[in-house]
Amino acid sequence: MKTLTVTYHHTCNYGATLQTYSLHRVIKSLGHDNLVFEYPEAPKKSTSFFKNPYVFLRMQFQKYSYLFRKDEIDARIESFKKFHSRNIQKTRVYKDIEDLRNNTPAVDCLITGSDQVWNMNSLTKFKPAHFLDFGPKEIIRFSYAASIEKLNYTNQQKEYVAKVIASYKGVSLRETSARDYINSFTNANAIQVVDPVFLLDKEEWGSIAAEGRIKEPYILCYQVSSNPLMQKMANYLKKNTGCKIVSVCHGSIKWIKSDYSLFDVSPEEFLGLYKNANYVLTTSFHGTALALVFERPFISLVRPDSRNRIVDLLKLLGAEESCVSSISEFHVPNIDYSHVNTILKSEITRSLAYLNKMLSK
């Protein structure tokens, strides 16, 4: 079967890139000829100082920081481009949704997923593509582990989503909260499945991991945006374990004081750093997922007032103690992976069964 996957991947974000790679690889391993939908890189948005001074100042600081780390950041960007070209087969670039509708690839099946593809506040130009609102009606359509950041669609958006997914062969969401939300205003009978990164085991991820540059015991810190607890908890772990602090920096800003601040980490080295970490501290969903894949002791930091994707994941796996929202809750992580892996294995089996069923004619 020829398939087309629509997802987020056009960013130097480790989670977005690795979930795209994983789903692409799994679909191909099941005997299908998969392509990933390609779209232009989003133009940088200009923000008026008068509209949002905080965002404006942050953007100026990022630009200033970039000047001092240009070579490292450019190396990281290039490493993502190389990873994509080596590992992910893509369509030609589509300039807009009309281009896609008028020139839909000749495929048997359209797949949306994973990551936050069903957000309504980003990638406006290609939003209908994320709901597979293109191509001949007879093409099979389904979602795999679609996710929604905020469960707050307008009534008009709910009507649109209910209409387009009515033609899906199957609907699956990554979080139980998102599943329940979609089911509350559609007849989709949606189910919950695991994120694509879990569909490859630690040996498969390890086979493409590059050896990390840090050779001494370390605490791996990874956050996409700043969390004030990260520094306090990293310092606590360092004091109590003697491990160095290693920070993988997502953008150009050094969020915390660390023994090693890395701005040029490739996707392959990112996996290697996870594979060999003594401890992991993260605010990222996929940072949490990879800690689970590699069976690392970890703490996931979440804000106390958030209904978080990480919370849903750790509740599903019975690992809620690794979810921390205040310094009073902090502890040296000690996870019972025999228990976690028993649940995770069952979830993976169920998720692969769904994927196989969707990919059968």
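Let's start with salt bridges: a search of this whole predicted model turns up 15 of them. Side chains of opposite charge can pair when their charged atoms come close.

**Stop 1: Lys-90 and Glu-38.** Select these two and look for a salt bridge, with the closest N and O atoms 3.8 Å apart. Now colour the strands: Lys-90 belongs to strand S3 (residues 90-93) and Glu-38 to strand S2 (residues 33-38), so this pair links distant parts of the chain, 52 residues apart. Switch on the surface, and you'll find Lys-90 partly exposed at 24% relative accessible area, while Glu-38 is buried at 11%.

**Stop 2: Arg-92 and Asp-99.** Select this pair next; their side chains meet in a salt bridge, 2.9 Å from N to O. Which of the two is buried? Asp-99 is, with a relative accessible area of 10%, whereas Arg-92 is partly exposed at 43%.

**Stop 3: Asp-180 and Arg-179.** Here's another salt bridge, with the closest N and O atoms 2.9 Å apart. Asp-180 is partly exposed at 43%, and Arg-179 is partly exposed too, at 24%. Then select Asp-115, Arg-174, Glu-175 and Asp-195 together: salt bridges with shared partners join them into one network.

**Stop 4: the cysteines.** How many disulfides does a search of the whole structure find? Zero. To see why Cys-221 has no partner, select it along with Cys-249, which holds the closest cysteine sulfur: the gap is 9.8 Å, too far for a bond. Cys-221 is also buried, at 2% relative accessibility. Finish at Cys-109, which is buried as well, at 0%.

Notes: Residues numbered from 1 in each chain as written. Predicted model: local features only at pLDDT ≥ 70, side-chain atom pairs only at ≥ 80, totals over all residues. Heavy atoms only, no water. Disulfide = S-S within 2.5 Å. Buried < 20%, exposed > 50% of the residue type's maximum accessible area, 1.4 Å probe, protein only. Salt bridge = Lys/Arg side-chain N within 4 Å of Asp/Glu carboxyl O. Helix = DSSP H or I, 4+ residues; strand = E, 2+ residues; numbered from the N terminus.
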